[in-house]
Amino acid sequence: MAIDLFTPISLGSIALKNRIVMAPLTRNRAGQPGNVPQDMNATYYAQRASAGLIITEATPISPMAHGYPATPGIHTAEQIEGWKKVTAAVHAKDGKIVLQLWHVGRISHPSLLPDNALPVAPSAVKPKGQAFTYQGLQDFVKPRELKVEELPGIVADYAQATKNALEAGFDGVEIHAANGYLLDQFLRDGTNLREDKYGDTIMNRTRLLIEVVKAVVAVAGSDKVGVRISPLNTFNDIEDSSPQALFNYVAFLLSKENLAYLHVVEGSMGGSEPIAFDYDFLRKSYKGNYMANLGYDKARANEVLATGKVDLVSFGSLFIANPDLVERFAQDAPLNTPDENSFYGGNEQGYTDYPTL
Ligand code: PHB
């Protein structure tokens, strides 16, 4: 029988009941003060536990990793306790959940950082656009270039955050190397102008990502670790002169780490896609489970799963609006429409009150 969204699969040590994944979604509803997951967040994730796998919203690994209001961290004792409520609620409903490890790099603002610090980045290149802050939209600032001596500390923060995530009861972690945040900023020649061993060549630009992967794998085991990339995303003013070569090499390097999966944002969340890109070519460079994302519906997901090129599909906005997306797919039932006005911030409205069938 052909593989489809309802065929179980194991990602490393994580056994999934289906191939319908809830994509990571920033919702800006962490408890204040302290950016602590709260009961409402546990309810939201538990409502969606029929997914084969839930990937949490992007979760800052350190105080300097924050770039938006009310995003829940994984670097304080209170946050770990808060996340325990989430993992317990999801596991009670027989779900699986991994935490997405996030450092925003330059996509931040001093008002969101300790002592009004400058955001950090591979190079002092200011992003176009504005940051979301507690005081509303404010222009991005020119970030501070990380010193080479500081990079082991960043890698150590990823390792510590992984320990924290396991303590909080997660089934694994996903390293966020997509969408123009810190690790993506290091990968691209538009944002990484370094001349040391972390910059210039493609090999050097992938160094920080691979160091982070190895450090996270050392803590969690490779069978509990996924990585997310977005080769063509121009979101967050990110650019690269040759994404195909860059990301084929990234996929090749990640293959050697024997990870649970590679998660690929197949397109752009931020306007134009100027360069042609061959995802099949990328796929051939990666030996392991491939999770596809962006703009899929049930029919297209089943189509690509049947080809064998894609092993799982993640759904973002469909999961915001349909806590019982799995059941709706199973019954070919109509889907609720997501309300964009309640995506980022607020209360239960537009969060835990979408109706089930
Ligand atoms: C967002 O907050 O808009 C956001 C966060 C993480 C992403 C993409 C978008 O990967």
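This passage looks at the ligand site and then at one strand residue, N293, in a predicted model.

The ligand turns up in the largest pocket. Around it sit T26, Y68, W102, H176, N179, Y181, F235, M269 and Y344. Sorted by class, this shell is mostly nonpolar, with 6 residues of that kind against 3 polar ones, and charged residues are missing from it altogether.

Polar side chains reach oxygen atoms of the ligand at several points. For H176, a polar side-chain atom comes to 2.6 Å from a ligand oxygen. N179 gives a distance of 2.6 Å too, here between an N or O atom of its side chain and an oxygen atom of the ligand. With T26, the separation between a polar side-chain atom and a ligand oxygen is 3.3 Å. As for how much of the ligand stays uncovered, the starting point is the 280 Å² that the ligand exposes when taken alone; the protein buries 89% of this area.

Moving on to the strand residue, N293 belongs to β13, which covers residues 290-293. Is N293 buried or exposed? Its relative accessibility is just 6%, and since buried means under 20%, N293 counts as buried. The side chain of N293 also has a polar partner: a contact of 2.8 Å links it to the side chain of R228. So, with its 6% relative accessibility, N293 is a buried residue, and its side chain is paired with that of R228 through this polar contact.

Technical notes
Residues numbered from 1 in each chain as written. Predicted model: local features only at pLDDT ≥ 70, side-chain atom pairs only at ≥ 80, totals over all residues. Heavy atoms only, no water. Near = heavy atom within 4 Å. Polar contact = N/O pair within 3.5 Å; in protein donor to acceptor, adjacent residues only side chain to side chain. Areas by Shrake-Rupley, 256 points an atom, 1.4 Å probe, with all protein chains shown as cover. 1 Å grid on protein atoms, 1.4 Å probe; cavity = no way out; pocket = protein on both sides within 12 Å on 5 of 7 lines; lining within 4 Å. Sits in = over half its atoms within 2 Å of the grid points. Nonpolar A, V, L, I, M, F, W, Y, C, P; charged D, E, K, R; others polar. Helix = DSSP H or I, 4+ residues; strand = E, 2+ residues; numbered from the N terminus. Buried < 20%, exposed > 50% of the residue type's maximum accessible area, 1.4 Å probe, protein only.
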